[in-house]
Amino acid sequence: MEIMADKNEWGSNMSFILAMIGSAVGLGNIWRYPYVLYSNGGGAFYIPYIVAILLMGIPFLILEYGVGYNFKSSFAKAITKINSKWQYLGWLLPVAVFMIMIYYSAILGWDGIYMVLSFFKGWGADPNTYFTANLLQASSSYTGLTNFIPVIAVAMLIGWVIVWFISHRDLEAGLGKVSKILVPALFIIMIIIVGFSLTLPGASIGLAELFDPDWSLLTHFEIWMAAFGQIVFSLSLGMSIAFTYASYTKDDADLVTNTISIALANSLFENFAALGVFSILGYMSLQSGTAVADLVTQGTGLVFIVYPTVFNVLGQWAYILGPLFFLTVYLAGLTSILSTIEPLSFSIQNKFGLSRSRTMTILIVVGAAISMVYATSFGGDLLGYVDTFINQIALLLGVILECIIFAWIFKAERLIDFLNSRSKTIKLGSWWLVVVKYILPIFIAIIWIGGLIDVINAGTVDQLVFTAISAAILLVATLIFTILPAKNPEWENTEERV
Ligand code: PHE
């Protein structure tokens with residue numbers, strides 16, 4: 001079966017930019033960034049943060065876009081074309097990103113449940129107990145895998161159906177169109193929430209805590225690692241997503257300028273989120289007399305425990321702010337999860353000659369089935385282990401390998417004239433080559449080693465066991481895609497645009 005190019009092509013540059021912003025702006029911007037900013041020097045964090053964006057985020061995205069654009073084909077196909085011995089690496093990142101999709105669906109499911117609960121503060125007087133004991137029925141032992149929680153399963157399946165509804169269509173009719181509606185909607189709702197939060201009594205207490213700069217931290221290595229780590233995660237760098245999205249573009253894109261718009265929008269959103277989160281924490285601190293430092297947290301604790309606690313003291317306003325907040329998290333998660341299926345789906349379409357629609361249906365059914373392990377009492381802990389493995393170990397390694405393959409073997413030099421001829425803003429020069437060839441791989445390798453040491457030192461036996469199982473699943477699934485024979489005669493035939 002021949003793949004029709006137009007099924008995998010953006011209708012306009014706007015669709016490409018908005019879909020990419022949708023992928024970048026996710027849970028990381030809402031529940032991770034505010035905490036990272038706060039706990040790494042407050043106002044002083046902006047120095048490593050801006051350096052990380054300029055030195056890594058933008059140069060690396062330009063590279064990933066440039067190579068993706070050049071090949072106009074999937075990640076696995078392009079890597080195979082660069083050197084057929086590395087086909088395995090071409091599947092590794094798409095499979096790892098698909099593993100993210102599977103656990104992201106659980107977080108979306110929990111958030112969907114909270115969206116409903118927020119209309120009547122259904123989490124009760126003690127949100128902590130509600131989340132861990134009532135909803136997740138959390139058990140820290142793997143025997144919890146046998147305790148299935150139907151409410152979570154149903155909420156997750158609703159998410160999978162929404163994803164299927166959007167993703168099985170042609171690219172522009174599904175993801176392109178949805179991004180053009182949901183991404184602006186996400187920004188508008190966020191502006192409303194933050195605007196309201198800033199008017200709350202006590203907001204200034206929270207903001208003063210957040211920004212209070214601790215300049216002495218600038219000499220600490222950790223805050224630089226935190227800034228680089230945040231940018232890799234937040235911009236979805238080196239995950240083969242940016243690559244795939246760029247390969248879907250038409251022939252006339254200004255990739256350099258697009259990159260700058262995407263990085264700006266992502267930073268704007270996360271800094272805005274930080275204002276909202278800390279205004280609300282300031283309000284809570286004023287009401288409860290608890291110090292902001294004792295309230296602040298990140299991840300599921302912030303969204304599903306601290307926020308419901310705040311809504312409990314917020315009175316009537318909570319019935320508006322609560323649903324809007326959980327809706328924002330849902331939309332941010334949805335526009336990100338939609339991007340996590342694209343690299344693997346496109347690679348499968350290319351190798352096995354299946355249509356976009358059929359590939360998506362198969363992947364979504366398989367993903368939904370596997371995701372049911374998260375609808376058990378062990379789901380919460382398992383999600384934490386898999387997330388740490390994928391983000392701290394697998395993806396960063398992927399980024400380093402991608403950097404080496406693209407910058408050194410493909411040769412980043414090849415892209416410069418072409419990218420510059422389209423660029424209406426900055427022009428690339430030898431500074432860009434130095435960044436992508438030397439500074440980036442070295443920096444990310446340092447972060448990677450730091451993360452690995454963390455997992456080994458801090459990990460419990462359970463964590464190490466489940467890290468090993470996740471690694472085995474990733475490596476075996478990747479191997480299967482690599483050795484299955486290609487069904488599409490076009491697999492070996494990759495055109496290049498540059
Ligand atoms: N960039 C997203 C965020 O900030 C996370 C993400 C990672 C999305 C990987 C897609 C793939 O939350």
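Me: I'm looking at the second largest cavity. Which elements each supply at least two residues of its lining?

Reply: Start with the elements, then go down to residues. Helix 4 (75-82), helix 5 and helix 18 (379-411) each give that cavity's lining at least two residues. Helix 18 contributes the most, with four residues. Keep in mind that this is a predicted model.

Me: Which residues line the second largest cavity, and what is the cavity's volume?

Reply: The lining consists of Phe75, Ile79, Leu89, Leu92, Leu93, Gly398, Leu401, Glu402 and Ile405. The volume comes to about 80 Å³. Sorted by class, seven of those lining residues are nonpolar, one is polar and one is charged. Gly counts as polar in this scheme, and Glu counts as charged.

Me: How many cavities of 30 Å³ or more does a search of the whole structure find?

Reply: Four turn up. The largest has a volume of about 160 Å³.

Me: What lines the largest cavity?

Reply: Again, take elements and residues together. There are 18 lining residues, and Ser23, Tyr104, Phe233, Ser236 and Ser336 are the ones nearest the centre. Two or more lining residues come from each of helix 1 (13-24), helix 2 (27-39), helix 5 (87-117), helix 10 (221-234) and helix 15 (318-340). Helix 5 has the largest share, four residues. By class, the count for the largest cavity is eight nonpolar, ten polar and no charged residues.

Me: Now the ligand. Where does it sit?

Reply: To place a ligand, ask how many of its atoms lie by the cavity's grid points; more than half must be within 2 Å. Here, the ligand sits in the largest cavity. The shell around the ligand draws two or more residues from each of helix 1, helix 2, helix 5, helix 10 and helix 15.

Me: Which residues come nearest the ligand, and how does the shell divide by class?

Reply: Of 16 residues around the ligand, the nearest are Ala24, Gly28, Asn29, Phe233 and Ser234. The shell splits into seven nonpolar, nine polar and no charged residues.

Me: What about polar atoms of the protein: how far is a ligand nitrogen from serine 236?

Reply: For polar contacts, look for N or O pairs within 3.5 Å. A ligand nitrogen lies 3.0 Å from an N or O atom in the side chain of serine 236. On the backbone side, a ligand nitrogen is 3.0 Å from a polar atom of alanine 24 and a ligand nitrogen is 3.5 Å from one of serine 23.

Me: And how much of the ligand does the protein bury?

Reply: Compare the ligand alone with the ligand in place. Alone, the ligand exposes 320 Å², and the protein buries 100% of that.

Conventions:
Residues numbered from 1 in each chain as written. Predicted model: local features only at pLDDT ≥ 70, side-chain atom pairs only at ≥ 80, totals over all residues. Heavy atoms only, no water. 1 Å grid on protein atoms, 1.4 Å probe; cavity = no way out; pocket = protein on both sides within 12 Å on 5 of 7 lines; lining within 4 Å. Points joined across faces, edges and corners; volume = space filled by probe spheres on them. Near = heavy atom within 4 Å. Polar contact = N/O pair within 3.5 Å; in protein donor to acceptor, adjacent residues only side chain to side chain. Areas by Shrake-Rupley, 256 points an atom, 1.4 Å probe, with all protein chains shown as cover.
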